[in-house]
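Please look through the sequence and the model below before reading on. The paragraphs that follow take up helix packing, a peptide bond and the ligand site.

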Amino acid sequence: MSRLERVNALIEELEAEAARERPPEDSPDVGIIMGSDSDLDVMMGSKTGREGAYDALTGLGFEEVTDYDEPPSARFSFETYVVSAHRTPGLMYAYARTARARGLRVIIAGAGGKSADLPNMTASIAFPVPVIGVPVQEKSVDSVIGMPQGAPIVAVDAGKSFNAALAAVQVLALEHEELWDRLVAYHESLADDVAEVSSRLHALGTPAFKKQRD
Ligand code: AIR
């Protein structure tokens, strides 16, 4: 298969999926797209670095769908694709245009470099499906958030794909009480972590705490 045929096959798969009727629990609720697989460490989260969108979603009980014909066992799910605004504009268009019909409720889109156009173009094409933009690098921030009036995008700070996933679940939680409860429990766990660290720091004193931590 040539490169063009491969892109066209992906577009056809998205369009076929859009034409299919599936119950909401059988199709992904969240779509994650990124401009290149070089964005994966930021978008997924790497073991050595900061956690990312993949970690946040799986931590909240979402399952990744890799085959549309094998429905997820978890009620809430997501899918992941590389879609480049500049290398595969047709794929970006097809992804965004079919998003709603394929059952996506919210899209997380990340891109890096100075021309990080995937999030903002996806937001325009998929509108009114909400798109949460992730500037993969600091230099991508202006490109992601600089939208004209009437063409909104919601975005997180550079590299914060974890927060993008939390925001995506906040959107879904307006409809689903169980996600609301999971987010509340997550937030409480953050408070627990701070309380635990705080009392240990106070009890050990600064030098001993730092030594133990390092
Ligand atoms: N990118 C890919 N297509 C269009 C854009 N703007 C971005 C990717 C990545 C950066 O360009 O999101 O962050 C470099 O991509 P690569 O594939 O050269 O490593």
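In which hand, left-handed or right-handed, does H8 pass H9 in their crossing? In this predicted model, the crossing in which H8 passes H9 is right-handed. Helix H8 spans residues 177–204 and helix H9 spans residues 206–213, and their axes, which come within 6 Å, cross at roughly 125°. Because angles from 115 to 145 degrees fall outside the parallel, antiparallel and perpendicular classes, H8 and H9 are oblique to each other.

Helix H8 also packs against helix H7, which is made up of residues 161–173, and here the angle is about 140° with the axes 8 Å apart. That angle makes H7 oblique to H8. The hand of this crossing is left-handed, as H7 passes H8, whereas the crossing of H8 with H9 is right-handed.

Earlier in the chain, helix H4, residues 89–98, packs with helix H5, residues 118–126, at an angle of about 45°, and their axes are 8 Å apart. H4 is therefore oblique to H5, and the two helices cross in a right-handed sense. If one follows the chain beyond H5, one enters the loop between H5 and strand S5 (131–135), and Pro128 is found in that loop. The peptide bond leading from Phe127 to Pro128 is cis, and its omega is near 10°.

The remaining part of this account concerns the ligand and the residues around it. The surrounding residues are Gly35, Ser36, Ser38 and Asp39, together with Ser84, His86 and Arg87, and with Ala111, Gly112 and Ser115. Sorted by class, this shell has seven polar residues, two charged residues and one nonpolar residue.

Three members of the shell can be followed down to individual atom pairs. Ser84 places a polar side-chain atom 2.6 Å from a nitrogen atom of the ligand, whereas Gly112 has a polar backbone atom that is 3.0 Å from an oxygen atom of the ligand. Ser115 likewise takes part through its backbone, where a polar atom is 2.9 Å from a nitrogen atom of the ligand. On its own the ligand has 440 Å² of accessible area, and the protein covers 72% of that area.

Notes. Residues are numbered from 1 along each chain as its sequence is written. This is a predicted model: local features need pLDDT of at least 70, side-chain atom pairs count only at pLDDT 80 or more; totals for chains, interfaces and linings use all residues. Side-chain values use heavy atoms; hydrogens and water are left out. A residue is near a molecule or strand if one of its heavy atoms lies within 4 Å of it. A polar contact is a pair of N or O atoms within 3.5 Å; within protein, one must be able to donate a hydrogen and the other to accept it, and residues adjacent in sequence count only if both atoms are side-chain atoms. Accessible areas come from the Shrake-Rupley method with a 1.4 Å probe; for residues, only the protein chains shown count as cover. Ala, Val, Leu, Ile, Met, Phe, Trp, Tyr, Cys and Pro count as nonpolar, Asp, Glu, Lys and Arg as charged, and the others, Gly among them, as polar. Axes are lines fitted to C-alpha atoms, for helices over the stretch in contact, and angles run from 0 to 180 degrees between N-to-C directions. Helices (H or I, at least four residues) and strands (E, at least two) are DSSP runs, numbered from the N terminus. Angles under 35 degrees count as roughly parallel, over 145 as roughly antiparallel, 65 to 115 as roughly perpendicular and the rest as oblique. A crossing is left-handed if the near helix is turned anticlockwise from the far one by less than a right angle, and right-handed if clockwise.
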